[in-house]
Amino acid sequence: MFENLGTPEFIALLLLALLIFGERLPKVISDGMRMLRGLRAMATNATGDLSKELGTDIKLEDLNPKAFVRKHLLSEEDEAALRKPLTGMYDELRGELNNAGKLAAETKANVNAMASATPTGASSTPATPVATRFDDAT
């Protein structure tokens, strides 16, 4: 949450808090900490109550709908059946990538072979210049 908050920004926030709250700053901090503890306790109680109602062990991370469905509603066979088409496509894509890598290596080897086969006196540019014709659209 505070990854981008550096030392100068943190000091500026502390000074701003000191200017806004003044002598009440310690009380405001303690009230904020008390509120945070209360929110944590409520979240813990809510997950405990939900675990009792559903009859399974639920963690806070399980409240994400996707994780909840995957963990508590789908059996292992259902999950495997859902993953099977994706696994097949992944394996197929992996094979195509390997083939493309082999073709690229062959092409590079052919280009290197052709470059080494040209005589040293020969130039890779044509002897006669190619005239380029430009049509002026204006």
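R34 counts as exposed, because its relative accessibility is 53%. The model discussed here is predicted. R34 forms a salt bridge with D31, and their closest N and O atoms are 2.9 Å apart. The two residues are three apart in helix α2, so about one helical turn separates them.

D31 has a second partner. K27 also forms a salt bridge with D31, with the closest N and O atoms 3.3 Å apart. Both K27 and D31 lie in helix α2, four residues apart, about one turn of the helix. Why do such spacings suit a contact along one helix? An α-helix has 3.6 residues a turn, so residues three or four places apart point the same way.

Together, K27, D31 and R34 are linked in a network of salt bridges. The count of salt bridges comes to two.

How open are these three residues? K27 counts as exposed because its relative accessibility is 55%. D31 has 31% relative accessibility, so D31 counts as partly exposed. R34, at 53%, counts as exposed.

**The wider chain**

The protein chain has four helices and zero strands. From the N terminus on, its elements run α-α-α-α. Of its 138 residues, 4% count as buried. The chain exposes about 12700 Å². Carbon and sulfur atoms supply 64% of that area.

**Helices α1 and α2**

The table sets out two of the helices.

| Helix | Length | Reach, first to last C-alpha | Expected reach at 1.5 Å a residue |
|---|---|---|---|
| α1 | 15 residues | 21 Å | 21 Å |
| α2 | 30 residues | 43 Å | 44 Å |

Helix α1 covers residues 7-21. Its reach is close to the expected value. Just after α1 comes G22, which takes a positive phi of about 60°.

Helix α2 covers residues 25-54. Its reach, too, is close to what is expected. Just after α2, G55 takes a positive phi of about 80°.

**The buried residues of α2**

Which residues of α2 are buried? They are L25, T47 and S51. What do they pack against? The buried residues of α2 pack against α1.

T47 shows more detail. This residue sits in helix α2. T47 counts as buried because its relative accessibility is 12%, and the cut-off for buried is under 20%. The T47 side chain reaches the backbone oxygen of T44 at 2.9 Å.

Helix α2 thus holds two kinds of site. L25, T47 and S51 are buried. K27 and R34 are exposed, K27 at 55% and R34 at 53%.

**A nonpolar patch**

The surface also carries a nonpolar patch of about 680 Å². Which residues make the patch? They are L5, F10, L13, L14, L16, I20, F21 and V28. Helix α1 gives the most to this patch, with six residues.

F10, one of the patch residues, lies in helix α1. Is F10 buried or partly exposed? F10 is partly exposed, because its relative accessible area is 45%.

**In brief**

The chain is built from four helices, with zero strands. Helix α2 holds K27 and D31, and R34 lies in α2 as well. These three residues are linked in a network of salt bridges. The buried residues of α2 pack against α1. Helix α1, in turn, gives six residues to the nonpolar patch.

Definitions and conventions: Residues are numbered from 1 along each chain as its sequence is written. This is a predicted model: local features need pLDDT of at least 70, side-chain atom pairs count only at pLDDT 80 or more; totals for chains, interfaces and linings use all residues. Side-chain values use heavy atoms; hydrogens and water are left out. Buried means under 20% relative accessible area, exposed over 50%, partly exposed in between (1.4 Å probe, protein chains only). Accessible areas come from the Shrake-Rupley method with a 1.4 Å probe; for residues, only the protein chains shown count as cover. A polar contact is a pair of N or O atoms within 3.5 Å; within protein, one must be able to donate a hydrogen and the other to accept it, and residues adjacent in sequence count only if both atoms are side-chain atoms. A salt bridge is a side-chain nitrogen of Lys or Arg within 4 Å of a carboxyl oxygen of Asp or Glu. Patches are made of residues with over 30% relative accessible area and no salt bridge: like charges are joined within 9 Å, nonpolar side chains (Val, Leu, Ile, Met, Phe, Trp, Tyr) within 5 Å. The expected span of a helix is 1.5 Å times one less than its number of residues. Contact means heavy atoms within 4.5 Å.
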